[in-house]
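Biologist: I have the sequence and the coordinates open, and I would like to go through them with you step by step. Could we begin with how a helix is checked for length?

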Amino acid sequence: MEVNEKIAIEHGLKKDEYKKICDLLKRNPNLTELGIFSAMWNEHCSYKSSRLHLKKLPTKGKKVIQGPGENAGVIDIDDGDAIVFKIESHNHPSFIEPYQGAATGVGGIMRDVFTMGARPIANLNSIHFGSPQNKKTKNLLRGVVNGIGGYGNCMGIPTIAGQTSFDSSYNGNILVNAMTLGLVKKNKIFYSKAAGLNKPVIYVGSKTGRDGIHGASMASASFDEKIEEKKNQPFKLVILLQKNFYLKLV
């Protein structure tokens with residue numbers, strides 16, 4: 001298939017982004033390359049609309065063990081212990097399908113915390129909805145709250161704090177921010193980089209939807225597009241979490 005601007009837009013890219021890709025490659029991308037750019041240049045992966053503001057936040061300090069660049073941040077709390085934390089928004093998925101969108105948001109950050117070697121101990125959230133008079137608000141509120149609590153309950157992780165607000169400015173797109181805290185020994189922190197020869201690589205995860213690589217690029221999509229709902233599987237994550245800590249002990 002010959003890639004053109006129309007296909008690029010269908011992949012969630014903008015016209016100027018497609019032009020930049022062509023300029024970088026000095027040719028039109030093939031379909032595989034377009035899929036990679038689509039996945040890596042979307043809001044979910046690149047934070048292209050908020051990166052400017054995120055750069056203003058402090059990321060270094062005496063107690064900061066790990067800042068941006070890993071699966072989660074790590075802060076030294078003394079006595080050989082550290083807190084691992086991750087916060088992430090799941091706005092688009094939660095607006096499209098509130099229960100599944102919120103639940104997978106919580107599951108994703110729990111995954112990021114325990115892949116650093118930490119055991120998740122608490123969840124928090126900050127969720128913002130449209131006007132109570134808006135016809136969608138009640139269903140969105142119920143679904144998001146149940147999704148956050150449901151996934152946390154399956155994992156055995158309590159939600160210890162939250163913030164909720166209502167304003168008409170969120171009628172067209174709600175904000176769903178979830179956070180997980182984990183506890184780890186400073187000498188047991190795992191990082192994403194690996195080195196060495198002849199070491200096994202094990203991939204673990206749920207099946208993707210029929211849209212495959214477009215799962216992340218949905219973050220840049222419009223709400224009038226048909227996007228397949230993805231079911232979360234919290235009990236599989238529980239098994240993975242327990243296996244992870246078993247492997248650390250043996």
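Modeller: The expected span of a helix is 1.5 Å times one less than its number of residues. Please keep in mind that this is a predicted model.

Biologist: How far apart are the end C-alpha atoms of α8, and what span should its 19 residues have?

Modeller: With 19 residues in α8 and 1.5 Å a residue, the expected span can be set beside the distance between the end C-alpha atoms. The two values agree, because the helix should span 27 Å and its end C-alpha atoms are 27 Å apart.

Biologist: Which residue follows α8, and what is its phi?

Modeller: The helix covers residues 137-155, and its buried residues include T137, L140, V144, I148 and, at the end, M155. The residue that follows α8 has a positive phi, near 75°, and is G156.

Biologist: Is β4 largely enclosed or not, and how many of its residues are buried?

Modeller: A residue counts as buried when its relative accessible area is under 20%. By that test β4, which has 11 residues, is largely enclosed by the rest of the structure, because the number of buried residues is eight.

Biologist: Which strands pair with β4, and in which sense?

Modeller: β4 and β6 are antiparallel and share nine bridges, and within this pairing N123 has T180 as its bridge partner. β4 also runs parallel to β5, residues 159-166, with seven bridges joining them, and here F129 stands opposite F166. The partners are therefore β6, antiparallel, and β5, parallel.

Biologist: What is the handedness of the β-α-β unit that β4, α8 and β5 make?

Modeller: The handedness is judged with the strands pointing away from the viewer, and a clockwise path from the first strand over the helix to the second is the criterion. For β4, α8 and β5 the unit is right-handed.

Biologist: Which elements give two or more residues to the largest nonpolar core?

Modeller: The core has 17 residues, and among those that touch the most other members are V106, F129, V144 and I174. Leaving aside neighbours within four places in sequence, I174 is in contact with residues including F129, L140 and V144. The elements asked for are α7, β4, α8 and β6.

Biologist: Why is the pair of F37 and W41 edge-to-face?

Modeller: The search of the whole structure finds two aromatic pairs. In the pair of F37 and W41 the ring centres are 5.0 Å apart; F37 is buried at 18% relative accessible area, whereas W41 is partly exposed at 22%. Planes over 60 degrees apart count as edge-to-face, and the pair qualifies because its planes lie at 75°.

How values were computed. Residues numbered from 1 in each chain as written. Predicted model: local features only at pLDDT ≥ 70, side-chain atom pairs only at ≥ 80, totals over all residues. Heavy atoms only, no water. Core = buried A, V, L, I, M, F, W, Y, C linked by side-chain atoms within 4.5 Å. Buried < 20%, exposed > 50% of the residue type's maximum accessible area, 1.4 Å probe, protein only. Helix = DSSP H or I, 4+ residues; strand = E, 2+ residues; numbered from the N terminus. Contact = heavy atoms within 4.5 Å. Phe/Tyr/Trp six-rings, centres within 6.5 Å; stacked < 30°, edge-to-face > 60°. Pairing = 2+ DSSP bridges.
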